[in-house]
Amino acid sequence: MHLALAAVIVFLSQFVEGVTGFGSALVAVPVLAWLYGPVEAIALQTLCDLLAGTLLVRGTLDLFRPKLLAAAFAPLVVGQWIGTDLVVLVPPEIAGRTIALVVALFAIDLLIRPVRAGRGEHEDLPDPPHAALAGGALAGALAGLFHGMIGAPGPPIVLYARALYADRFFRAFAIQIFLLAGISLTATLAMKQPESLASAATRLPWMLPSLFAGTATGAWLAPRVPRAAFSRGLVVHSDDARVASRDRMTTTDGSLCGFRCSTSSTLEPTARSA
């Protein structure tokens, strides 16, 4: 039963990702966290996004912008590393509610301005590029923090990219940066939480048919369906993520995302994430 539900949610999440270029974690992580615990949910979602991004990125290579990707990706990696350690410094309740507030604001933005995924006009860095690069670096750092803490890097990157870039480039940039984020978070989890990553990898084969079907269907529909329908639909899933960040990510023993705070710099998985 759990595998069937997980397969359905993976299909839906990767369908959304295929259409818009983002949003899979907002759809999947709350449900996967309920099924498998937050730590393994983040690992499983990261592996799914890694595979889906590999499939989707082939259609975006003509819009590859290395300077912009580098500006966002380097701070993102640092943010991921800090995000997976932040639970030692920040009380779980504060961290969860802060992220819940940010995701709620993200949902409101999608509701108010859903006309298309990208509202801007650019398909490259504007001239001069410095402000855009600085904004990308800040968005990347915040996305890394969110990715490391709750497995959802989307809101900062999406809010930044929607303001500057036209629809087609927005989707391409989102797919490319989130693929890179998946690669780097997988490496981080392999170093910090190899057991959780290995456990997620054993479940991944059961998710592959749903993953490939959802990704392919979403990518096929992407140029055919108005973005407004999907950005409004993501409001519902963003609210799910808000609740997950506030409630499910904080466990009854006072840990966040299945990690128990300790005085050391390492993270110890709780019994729930086993």
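This briefing covers three helix pairs and the cavities of the structure above. The model is predicted: local features need pLDDT of at least 70, side-chain atom pairs count only at pLDDT 80 or more, and totals for chains, interfaces and linings use all residues. Residues are numbered from 1 along each chain as its sequence is written, and side-chain values use heavy atoms, leaving out hydrogens and water. Helices are DSSP runs (H or I, at least four residues), numbered from the N terminus.

**Helix 4 and helix 6**

- Helix 4 (residues 66-83) packs on helix 6 (residues 130-150) at an angle of about 30 degrees, with the axes 6 Å apart. Axes are lines fitted to C-alpha atoms over the stretch in contact, and angles run from 0 to 180 degrees between N-to-C directions.
- That angle makes helix 4 roughly parallel to helix 6 (under 35 degrees counts as roughly parallel, over 145 as roughly antiparallel).
- The crossing of helix 4 and helix 6 is right-handed (the near helix is turned clockwise from the far one by less than a right angle).
- Residues in contact (heavy atoms within 4.5 Å) include Ala71, Ala72, Pro75 and Gly79 from helix 4, and Gly136, Gly140, Gly144 and His147 from helix 6.
- This contact of helix 4 with helix 6 holds 13 nonpolar, eight polar and one charged residue. Ala, Val, Leu, Ile, Met, Phe, Trp, Tyr, Cys and Pro count as nonpolar, Asp, Glu, Lys and Arg as charged, and the others, Gly among them, as polar.

**Helix 1 and helix 9**

- The axes of helix 1 (residues 2-20) and helix 9 (residues 194-221) come within 7 Å and cross at roughly 25 degrees.
- Helix 1 and helix 9 are therefore roughly parallel.
- Helix 1 passes helix 9 in a right-handed crossing.
- Phe11 and Phe15 are among the helix 1 residues at this contact, and Trp206 and Met207 are among those from helix 9.
- The contact has 13 nonpolar, seven polar and no charged residues.

**Helix 7 and helix 8**

- The axes of helix 7 and helix 8 come within 10 Å and cross at roughly 150 degrees.
- The two helices, 7 and 8, are therefore roughly antiparallel.
- Helix 7 and helix 8 also make a right-handed crossing.
- Ile157, Val158 and Tyr160 are among the helix 7 residues that meet helix 8, whose side includes Phe170, Phe173 and Phe178.
- Eight nonpolar, one polar and one charged residue make up this contact.

**Cavities**

- A cavity is a set of points, on a 1 Å grid over the protein atoms alone, where a 1.4 Å probe fits but cannot get out; lining residues have an atom within 4 Å of a point.
- There are six cavities of 30 Å³ or more.
- The largest cavity has a volume of about 170 Å³, where volume is the space filled by probe spheres set on the points, and points are joined across faces, edges and corners.
- Its lining has 18 residues, and Ser24, Ala25, Asp49, Pro153 and Phe178 are the closest to the centre.
- Helix 2 (24-36), helix 3 (38-56), helix 7 (154-164) and helix 8 (167-192) each give two or more residues to that lining.
- By class, the lining of the largest cavity has eight nonpolar, eight polar and two charged residues.

Definitions and conventions: Angles under 35 degrees count as roughly parallel, over 145 as roughly antiparallel, 65 to 115 as roughly perpendicular and the rest as oblique. On a 1 Å grid over the protein atoms alone, a cavity is a set of points where a 1.4 Å probe fits but cannot get out, and a pocket is an open set with protein on both sides within 12 Å along at least five of seven lines; lining residues have an atom within 4 Å of a point.
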